[in-house]
Amino acid sequence: MRREEMVRKVRERAEKQTPWDIAVIGGGATGMGVAVDAAARGLSVVLLEAHDFGKGTSSRSTKLVHSGVRYLEQGNIPLVMSALKERGLMRQNAPHLVHDLAFIVPNYSWWEAPFYGIGLKLYDLLAGKFGFGASKLLTKEETLERLPALDPVELRGGVVYYDGQFDDSRLLVHLAMTAADHGATLLNYCPATGLTMGEEGYVNGVTARDAETGEEFSISAKMVVNATGVFTDSIRQMADPLAEQLMVTSQGIHLVFDRSFLKGDSALMIPKTSDGRVLFVIPWHGHAVAGTTDTPVDAPSLEPRPLEEEIEFVLETASRFFVRPPTRKDVLAVFVGLRPLVKGDGKTSALSRDHLIHIDTSGLLTITGGKWTTYRHMAEDAVNHAITLGRLPDTECPTKTLRIHGYLENSAALGDLEVYGSDAEAIKALAQDPALAVQLDPALPYIAAEVVWAAREELARTVEDVLARRTRALFLNANAAIAMAEPVAKLLAVELNRSEAWVAAQIGEFSVLAQQYRVV
Ligand SMILES: Cc1cc2nc3c(=O)[nH]c(=O)nc-3n(C[C@H](O)[C@H](O)[C@H](O)COP(=O)(O)OP(=O)(O)OC[C@H]3O[C@@H](n4cnc5c(N)ncnc54)[C@H](O)[C@@H]3O)c2cc1C
């Protein structure tokens, strides 16, 4: 993917006033899913992202490919079944990024083993042929064998079940590459600034500004799809300033620790915290990630901040389960995401996690809600609607079996480069140059060749893009990421032909941002 090439395509169509079949606003899981689906059906598609792909919620999830055992408890069987099917398709189509993970529910009372045991058997049953492994009851010894860091006091046993785990922003990058492989045009750092209307009052395009150069575009499109997550209503109000609010927002935080806090290869699932939620502690990229919370938020932002009480809540809850309770000084990073929830009454944790397709009277098609795991199904639904409304050529959705860029079976042998799948060979080739084989910080496995690859092939434009979403340094260890900023800026400057002043500004901007990912 080359940004100049993408800009050229947008400019050319704008000059000729040739409409795209679909213009997508928002480059998170939802928008990128739509771009993949539309492009794979042979439609012309342009996607505009205000910041970097995945800057919003889609890089800040708990990294689970799951249906949510909690929805089972709420009796939402269709949602559970549909998400379990999507979980299976995600692993099938991106095996280099989606893996099975064993989750242990520890039991402390006599009733927990039968209660969770039966519930999780139902979860297995609903997965049918998309199952990831059979759940079973564990003795106390078996539970401790799988989770050696668990506090054995009053432990009676446990239940193990299987779900999926992934790297969210890496999957997003590979979805972008999949869409581009099928001819989609994708622009990061290009916010939609307005919607254009035809004579009959229907939306017929988008205005956008290239944030790197200031160039303005008027992009005409047969259908405009709004996939802006928690920013959904602001785009709808571009067409109709009086449009009633569809969305509410809640935030969830995650704390990242050294892997020694969670020994073994399984995740811990705490089914009921003191506020009645579920909390996970999962192994991820050689670390332990604990989360999440559910705190209502008034206004959406791209860099939400953790609240003190959220940090204390996660620490306190996790502490009750481990022999060595984690403390503030053990936190290597904190990251926060905002949930795009379809409006309703009551607590945000009880709001619908189903997705919503909404069509405004202006003809603007909004797709929102849902979850990362269901992105493909959401995209299929959105493009089906777009085809009908925009009178676009009607073709079958091919994404159930569409391999995601980087597809590779048995990718574990690639070690730290596994997340690149079939692209790992090209990164290894770059690393033949000793200068690019250099590890950027001793705390994390990332090497200089990955920075060069991100700039050349993955549309990384800034130090933050590389350290937050192409690699996951910022999400794993904020101090190590700060230490990596200078070498990353220098490597990027060579690739993107930037000045020394740019390097200094990038290091400064990233260091300020990264402070928010530290807990002091
Ligand atoms: C704490 C937390 C944990 C979660 N954990 C999981 C999990 O483990 N598994 C799971 O399946 N799901 C999980 N989810 C849900 C999942 O992450 C979200 O449903 C999904 O990422 C939403 O994607 P999206 O594309 O709709 O929104 P986003 O990723 O936020 O994308 C919207 C994009 O629109 C862009 N945008 C906004 N305005 C404009 C504009 N004017 N022009 C262009 N672009 C614009 C934004 O910059 C943003 O990048 C979690 C969510 C949260 C908050």
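A cavity, as the word is used here, is a set of grid points where a 1.4 Å probe fits but cannot get out, and its lining residues have an atom within 4 Å of a point. The structure examined in this way is a predicted model, and a search of the whole of it finds two cavities of 30 Å³ or more.

It is convenient to begin with the second largest cavity, which holds about 40 Å³ of space. Its lining consists of Glu86, Leu89, Met90, Asn93, Tyr375 and Arg376. Helix 4 (77-93) and helix 10 each give two or more residues to this lining, and the largest share, four residues, comes from helix 4. By class, the lining of the second largest cavity divides into three nonpolar, one polar and two charged residues.

The largest cavity has a volume of about 60 Å³. Gly33, Val36, Asn93, Leu175, Tyr375, Arg376, Thr399, Leu402 and Ile404 make up its lining. Here the elements with two or more lining residues are helix 2 (29-40) and helix 10 (375-389). Five of the lining residues of the largest cavity are nonpolar, three are polar and one is charged. Asn93, Tyr375 and Arg376 appear in the linings of both cavities.

Open space was examined as well. The second largest pocket contains about 590 Å³. Its lining has 30 residues, and those nearest the pocket centre are Trp284, His285, Gly286, Glu418 and Val419. Strand 4 (98-107), strand 6 (157-166), strand 13 and strand 20 each supply at least two residues of this lining. The classes in the lining of the second largest pocket are 12 nonpolar, eight polar and 10 charged residues.

Three helices can be considered next, starting with helix 7, which also includes the cavity-lining residue Leu175. Helix 7 (residues 168-181) has 14 residues and spans 20 Å from its first C-alpha to its last, close to the 20 Å expected at 1.5 Å a residue. Helix 7 is largely enclosed by the rest of the structure, because 12 of its 14 residues are buried. The buried set is Asp168, Ser169, Arg170, Leu171, Leu172, Val173, His174, Leu175, Ala176, Met177, Thr178 and Ala179. At the start of helix 7, a side-chain oxygen of Asp167 comes to within 3.4 Å of the backbone nitrogen of Ser169. After the helix comes Gly183, with a positive phi near 95 degrees.

Helix 12 (residues 448-457) has eight of its 10 residues buried, so this helix too is largely enclosed by the rest of the structure. Its buried residues are Ala448, Ala449, Glu450, Val451, Val452, Trp453, Ala454 and Ala455. The elements covering them include helix 11 (424-430), strand 19 (439-441), strand 20 (444-447), helix 13 (463-470) and helix 15 (478-496). Leu459, which follows helix 12, has a positive phi near 60 degrees.

Tyr420 brings residues of helix 7 and helix 12 into one picture. Tyr420 is found in the loop between helix 10 and helix 11 and counts as buried, at 0% relative accessibility. Beyond neighbours within four places in sequence, Tyr420 is in contact with His96, Arg170, His174, Gly406, Ile427, Glu450, Trp453, Glu458 and Arg470. Among these partners, Arg170 and His174 are buried residues of helix 7, while Glu450 and Trp453 are buried residues of helix 12. Arg470 is 50 residues from Tyr420 in sequence, yet the two C-alpha atoms are 9.9 Å apart in space.

Helix 9 (residues 308-319) has 12 residues and reaches 16 Å from first C-alpha to last, close to the 16 Å expected at 1.5 Å a residue. Its buried residues are Glu310, Ile311, Phe313, Val314, Leu315, Thr317 and Ala318. These pack against strand 11 (247-258), strand 12 (267-270), strand 13 (279-284), strand 14 (287-291) and strand 15 (295-297).

Thr62 touches some of this strand region from a loop. Thr62 lies between strand 2 (45-48) and strand 3 (64-65) and is buried, with a relative accessible area of 15%. The side chains of Thr62 and His254 make a polar contact at 2.8 Å. Leaving aside neighbours within four places in sequence, the residues in contact with Thr62 are His254, Phe280, Ile282, Gly291 and Thr292.

How values were computed
Residues are numbered from 1 along each chain as its sequence is written. This is a predicted model: local features need pLDDT of at least 70, side-chain atom pairs count only at pLDDT 80 or more; totals for chains, interfaces and linings use all residues. Side-chain values use heavy atoms; hydrogens and water are left out. The expected span of a helix is 1.5 Å times one less than its number of residues. Buried means under 20% relative accessible area, exposed over 50%, partly exposed in between (1.4 Å probe, protein chains only). Contact means heavy atoms within 4.5 Å. On a 1 Å grid over the protein atoms alone, a cavity is a set of points where a 1.4 Å probe fits but cannot get out, and a pocket is an open set with protein on both sides within 12 Å along at least five of seven lines; lining residues have an atom within 4 Å of a point. Grid points are joined across faces, edges and corners, and a volume is the space filled by probe spheres set on the points. Ala, Val, Leu, Ile, Met, Phe, Trp, Tyr, Cys and Pro count as nonpolar, Asp, Glu, Lys and Arg as charged, and the others, Gly among them, as polar. A polar contact is a pair of N or O atoms within 3.5 Å; within protein, one must be able to donate a hydrogen and the other to accept it, and residues adjacent in sequence count only if both atoms are side-chain atoms.
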